[in-house]
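Please open the model in a viewer and keep the selection panel at hand. The tour below proceeds from one selection to the next.

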Amino acid sequence: MQGKKHTRNQNACDTCRNRRVKCRFADGEVCDGCRFLGVPCTSDRPRRKRGPPNRHSHLQSNTSLPAGTSNFAASDSGTPSLSQPPLQSPVPAILSLLAPESLIHSVLDDWFDHIHPLAPILHRRQFLSRLNNGDASNPVFCGVVISVLCATCATLRRKSFEEYYPITLERCINLIETYNLLPVDGPYSLDWCAAKYNLACAAMVHSDMSNPWNHRVLNEAVTGTRYLLNYKLDQISILEKELLKRLYCLLEITMINLDIFGQPVLGRLVIGSNTVNQPSPYTDNELDPSPDTSMLPCHSDNVNYVPGLLHLRGIFHSWHVAQADRFYHPSSKVLTISLSRIQTCLDNLPPELRWRGGLSRPSTATHGHDVQIANIFVTSLYIRSNLLQQFGNPLENQMEHQSIVSDLLEVLYHLPQEILEANGYSLIPKIRDIGAAYLGGLQVDSEADGRVIGIGYEAKGKLERLLRQLGVLDFRPGLGLAS
């Protein structure tokens, strides 16, 4: 019996045609692909005539692109091609090459809901007003928008895999570099520096600082930020000054964190030497009180996330100072002083940032404060564990390691999963390091008298719980959980 002849769908919708995938209709007037992406299912794009291409028209279309750019396809397999018809106004249309407008706004909303409390370097109302009013025609601002999308995808990895397609790290970077939205030589601005920082953080999720591209982009963010703080601070608005100082704090934290992990650091960032660069605790409304009735209110309008950022920096500074103190004081004294500094940071937290376990939270606490709590307390436990490994005696500090793991499990199993995932990949290496230090201490204790004995049931149970939660957080597309 002759098989049924396959009939090609000649009426594929615009989105499926652009993605170069089959357009399938299960039922209704919306195809399966558009329903999955949550975008309108339209057929407005004009059909191209069959036959050989018009060489004269092809040459004309190539001249319509900006100087130094060319059409290109995305590097990640399975993603839509970025080759498009000639752009009459290239820069404003770049965002449309990346994803539908509705998806872009959805990802930006996720940034301000989940990631902004940890990196409050954008003023939401001003940022969205610029986007809605067509400021995306500015190449650098367009680069900032793409960098925020890129950083959100890298941080919220589960949502990225399930909801953000076709926005990916590779496609974001390809767009920025192809259209030269963020030139290497500036000119330096707050937008330019923030975009470079976002791109570096996103790229470091996939590869560490051994990747030259990551090192270069982060170096550019440091150079631009220092230049603006040293030479242009009196020429910018109060709003930009404060956002720039917050960015400097985040760069300090990033540099110390890289140093802890033994990654190459950038020597041109002087850490903790200038209190003038410390941001003030302003809310968005205090930085810019002008209302915008076209936007719905957001938690960041009247909530201050700067104290959490400053306390997190203080915890990292405790480790940084210890590396200098080790040359002047005995190890035991360095450890005692450093642990005391960390505890002082935690004791001085405002009520909404204090860990209370299952107890009721203050009425002023928000979802963003919970995200900061996870970051602050996991980081403090990680720094304590690292200092114990550097300056402590393995046998004498066994109880301290047990206390650290117990506190870590308390945080991991009492905070909602979305709170932990909002911290992105940064929590995973910290949890791994704490677990490795705990296991190493148990092995030292087991072999103290020359006999290898089994690890107790309580310690084994803690390790199993730690690994279980780590497997949930270390989500990898295609694998679901960590392999």
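Begin by selecting lysine 159 and aspartate 110, which form a salt bridge whose closest N and O atoms are 3.0 Å apart. A salt bridge is here a side-chain nitrogen of Lys or Arg within 4 Å of a carboxyl oxygen of Asp or Glu. This pair links distant parts of the chain, 49 residues apart, with lysine 159 in helix 8 (residues 157-163) and aspartate 110 in helix 5. Helices (H or I, at least four residues) and strands (E, at least two) are DSSP runs, numbered from the N terminus.

Before moving on, note that this is a predicted model, in which local features need pLDDT of at least 70 and side-chain atom pairs count only at pLDDT 80 or more, while totals for chains, interfaces and linings use all residues. Residues are numbered from 1 along each chain as its sequence is written, and side-chain values use heavy atoms, with hydrogens and water left out.

**Helix 5 and its salt-bridge partner**

Which of the two partners is buried? Aspartate 110 counts as buried, because its relative accessibility is 8%, whereas lysine 159 is partly exposed at 23%. The classes are buried under 20% relative accessible area, exposed over 50%, and partly exposed in between (1.4 Å probe, protein chains only).

Now extend the selection to the whole of helix 5, residues 101-115. Its 15 residues should span 21 Å at 1.5 Å a residue, and the end C-alpha atoms are 20 Å apart, which agrees. The expected span is 1.5 Å times one less than the number of residues. Besides Asp110, the buried residues of this helix include Leu103, Trp111, Phe112 and His114.

**Helices 12, 14 and 15**

Next, select arginine 313 and glutamate 252, a salt bridge with closest N and O atoms 3.3 Å apart. The two residues are 61 apart in sequence: arginine 313 belongs to helix 14 (residues 306-325) and glutamate 252 to helix 12 (residues 238-260). Arginine 313 is buried at 10% relative accessibility, and glutamate 252 is buried at 2%.

Remain on helix 14 and select aspartate 325 together with arginine 341, whose side chains meet in a salt bridge (3.5 Å, N to O). Because aspartate 325 lies in helix 14 and arginine 341 in helix 15, the pair ties together parts that are 16 residues apart in sequence. Aspartate 325 counts as buried at 14% relative accessibility, while arginine 341, at 29%, counts as partly exposed. A further selection, Glu177, Lys196, Arg216 and Glu220, shows salt bridges that share partners and join these residues into one network. A search of the whole structure finds 11 salt bridges.

**Helix 10 and tyrosine 197**

Select helix 10, residues 190-206. This helix has 17 residues and reaches 25 Å from its first C-alpha to its last, close to the 24 Å expected. Since 14 of its 17 residues are buried, helix 10 is largely enclosed by the rest of the structure.

Within helix 10, pick tyrosine 197, which counts as buried at 8% relative accessibility. Which residues does tyrosine 197 contact, leaving aside neighbours within four places in sequence? They are Ile121, Ala221, Leu247, Leu250, Leu251 and Thr254, where contact means heavy atoms within 4.5 Å. Tyrosine 197 and alanine 221 are 24 residues apart in sequence and 5.6 Å apart in space, C-alpha to C-alpha.

**The loop before helix 16**

Move to threonine 366, in the loop between helix 15 (331-347) and helix 16 (367-391). Threonine 366 is buried, with a relative accessible area of 18%. A polar atom of its side chain lies 3.3 Å from the backbone nitrogen of glycine 368. Not counting residues up to four places away in sequence, threonine 366 touches Val303 and Tyr305.

**The surface, then the whole chain**

Select tyrosine 231 in helix 11 (residues 212-231); this residue counts as exposed at 54% relative accessibility. Add Tyr188 and Tyr227 to complete a nonpolar surface patch of about 310 Å². Patches consist of residues with over 30% relative accessible area and no salt bridge, like charges being joined within 9 Å and nonpolar side chains (Val, Leu, Ile, Met, Phe, Trp, Tyr) within 5 Å.

Finally, select the entire protein chain, which has 20 helices and 0 strands. Of its 483 residues, 50% count as buried. Among contacts between residues at least 6 apart in sequence, 71% join residues at least 24 apart. The chain exposes about 24,000 Å², with carbon and sulfur atoms supplying 52% of it; accessible areas come from the Shrake-Rupley method with a 1.4 Å probe, and for residues only the protein chains shown count as cover.

Technical notes: A polar contact is a pair of N or O atoms within 3.5 Å; within protein, one must be able to donate a hydrogen and the other to accept it, and residues adjacent in sequence count only if both atoms are side-chain atoms.
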